[in-house]
Amino acid sequence: MVSYISKRIVQTAVVLLGISLVTFLLLQVVPGDPVALMLDRRADPATIAAVRHQLGLDLPLPQQYLNFVNGVIHLDLGNSYFTKAPVFASLFRAFQVTLKLASLSFLFAIVLGISCGMIAALYRGKWLDSSLMTLSIIGVSAPSFWIAIILQIIFGLKLNLLPISGFDTPIAYILPSIALGTRYAGSIARITRTSMLDVIKQDYIRTARAKGAKRRAVIIHHALKNAMIPIITLVGTELGNMLTGSMLIEKVFSIPGIGKLAVDSMSNRDLPLLEGTVMYIALVFVVVNLLVDISYAFIDPRIRYGKGAAS
Amino acid sequence: MKKVLQGLLSAGLIVGLLAGCAGGSQPASTSSAGAASAAADGAKTIRIAAVDPQVPLDMQQCTYSIVMRITDNVAESLVTCQKDGTLAPLLLEEMPKLSDDKKTYSFTLKSGVKFHDGTTLTSSDVKYSLERLVKEQSMASLMKYVVGYDAMEDGSASELSGIKAVDDTHFTITLSQVYSPFVSVLSTPYAAIYPKAACEAAGKDWGVKTLIGTGPFKLDSYTAGTGAELSKFSDYHGGDLKIDKVSYKFIEDPNTQVLEYQKGNVDFVDLDNSLYPVYSTNATLKDQMHSYQQAGGYYFNFNVKTIKDPKVREAVSLAIDRKSICDSVLHGTASVPTSFIPSGLIGHDPDAQPFAYDPEKAKSLLAEAGYANGFDLRVTVNTKLSLGKSIATAFQQEAKAAGINVTVEPVDSAAWSDMKKNGGMECSISNWYVDYNDPDSMLYPISDSRTDTVSSFWHNDKFKQLMNDGIDTDDTAVRQKIYEQAETILTRQDYAIAPLINETKFYLLNSKVTGFEIDSTDRMNFTKADIQ
């Protein structure tokens, strides 16, 4: 396992290097001069040239890229062209916010999704199954910003129970977490139901019941545990999505998270911040995928990595 | 697995508890508009819904109006523009005196004006601030006519030799040529006066952690993504203030801003024009809706390198049904312009007729220009300007009557700037508003004698001469004639641009707030504001 993880970490570094190079090259091709945008209204060519020189944008491209890589190695991603703040600090601040939002949404999604999926599987074909699956389709289909606005109007304005926007108090976390987590809860419910139904049909479930094990014990110890692999795969991907921010939810609730940071940096062609954000997103996905792969071995003892693993 | 289930149930319980405790902990004071302006400590606070500027609060670095909305009440300029468009001294004892050759201005500072850090305003602070404006580059060209500007721009000098501090309260500014709008330029937020020592000491933190001025309110905090807090400056030179605090709450989404207003959590919110029909009929909100006319508007900007024939540009202008755009896209809240120079500025001709809509004449002009079978026009819009896209889409339909086939090309702000610079636009929808109350502020982007920020690439010797003549005299009657001629060349002769609409801006204001002012250059003032 240790050698497997070490290998994956080396792969991660290579992937991140490749992504940084591709991002850097793409940004040279995409139209949009950050300096012209920064200086905006009265920008004359001489001023633009002076600022380009200050920012090092007049250096040859390979030199600019090497400067960036050198900065990353020293954990210095430079300063944002617009906010002037260090990119690392901006990313960390946004990450803290996004982590809170993602954790609560994730919690909401897995609790609601797995519970509903299990109940629907156990009551297959009954009205409860149909109702839960209808709700899950609505959850998956409804745009998250629409759910957000409905929640704001009902719980924020009409019932006056929760804040409409902001992310500065624990109570303010509730509506954005639900709005973001609903879609994921829907998809988790659907895959849990499907996976549980596959497992419930298996001989070992019948055997367990024949041996006299209680129904609840069979569902929890045998059925759910064996149904977890596809659920974890989905949950892992969704956790990655959540940790990379949700621009719409962040905009509607005025949450200064990664999603908003990424969109703003792109629309401003804020190269240091954009490179930093892309690197962060890539890192999150690579790490989450690694964690998901490792978790398989804990859920299913037949799965082994490294020496002794089936090739 | 039992532990897993217990974990799931525990997590569910936590979420449930959080949801359950929500109702009890929300303060009741947020339930109705108008009740929350006075905080529990008795402080009178005006709460503003604003968009997070995400940049330092320093108009010399970042020229966004959303920055100005905050900094205007913290840092002040030497003079101010009054409601009627006239200038008045703000940090000066009197308006500056002009020398006989009309190139040197003599200033006397108000004595005893304090900065928020307790230091006294001096002439060296003024010199430092205006030189900093040049060093920060964004709006450096405002000081273009000050002696020593060129040397400072090319790095051969570190100061503007034309600004001389005589003593602590007296200084002079000498220009390299007569520039009649100069005092007006000094009223802009870019010419804000900062304390030299504090600004130098703050370095990169200026506008981020520190912003000190002479304004009525001090900046207490500026938190990215959350808001900015201002509090009353007790030593304000302009007299006592009735408001204790101004609180800016950063809310990105316009709909969320209005929901927060309806809930009573903010006292001021800008209204997007697209929301006008919704709120103008709302029984509660319509009486709290106010409007103001910003000096400027939207216009078509033609790239004369690609659309070379003025007849074609005139045809496009004639193909715009501006009245229809005002009624449909802007729900009747905008007006058809009669000139590019807006009403209230020197050079605006009060007798000018609205720009005509005549698709038949447009067709015949296109035929004369060799486009009898129709003309293909690419209209580029900046996605940041949602109104621009709506106008372009409406025009796409209207233009068919004149045989013009319009393709709308939406691009983001970065690509927009790039295309402007590189001549990648054929025709674009832009908006422009004055920085200072003078036609020079409206026309300088068009004139290639000053800057080529617009994508028109248009040049006209006569127009250029008029622009120079316009700043060379302070005789209002003469300037009126000069700018009227310039306007005619620009919009009715060469058709370098085609004015589209003059929009009205709307905002919601808590009915308990009085004395609040917002002017035609979009500047907010809380000096006389109060909460009843």
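**Exercise 1.** Over which residues between 449 and 453 of chain B does pLDDT stay under 50, and how many contacts beyond four places in sequence does the model have for them?

*Solution.* This is a predicted model, in which local features need pLDDT of at least 70, side-chain atom pairs count only at pLDDT 80 or more, and totals for chains, interfaces and linings use all residues. Residues are numbered from 1 along each chain as its sequence is written, chains are lettered from A and ligands numbered from 1 in the order in which they are written, and side-chain values use heavy atoms, without hydrogens and water.

Step 1: pLDDT is the predictor's confidence in each residue, from 0 to 100. Under 50 is the level over residues 449-453 of chain B.
Step 2: A contact means heavy atoms within 4.5 Å. For residues 449-453 of chain B the model has 22 contacts beyond four places in sequence.
Step 3: Where pLDDT is low, predicted coordinates should not be read in detail.

**Exercise 2.** State the mean pLDDT of chain B.

*Solution.* The mean is 88, with 91% of the residues of chain B at 70 or more. Over residues 1-36 of chain B, however, pLDDT is below 50.

**Exercise 3.** Find how far apart the centres of domain 1 and domain 2 of chain B lie.

*Solution.* Step 1: The bounds, from an automatic or database domain assignment, are 76-219 for domain 1 and 296-504 for domain 2 of chain B.
Step 2: Taken over C-alpha atoms, their centres are 34 Å apart.
Step 3: Domain 1 of chain B gives 18 residues to the contact, and domain 2 of chain B gives 12 residues.
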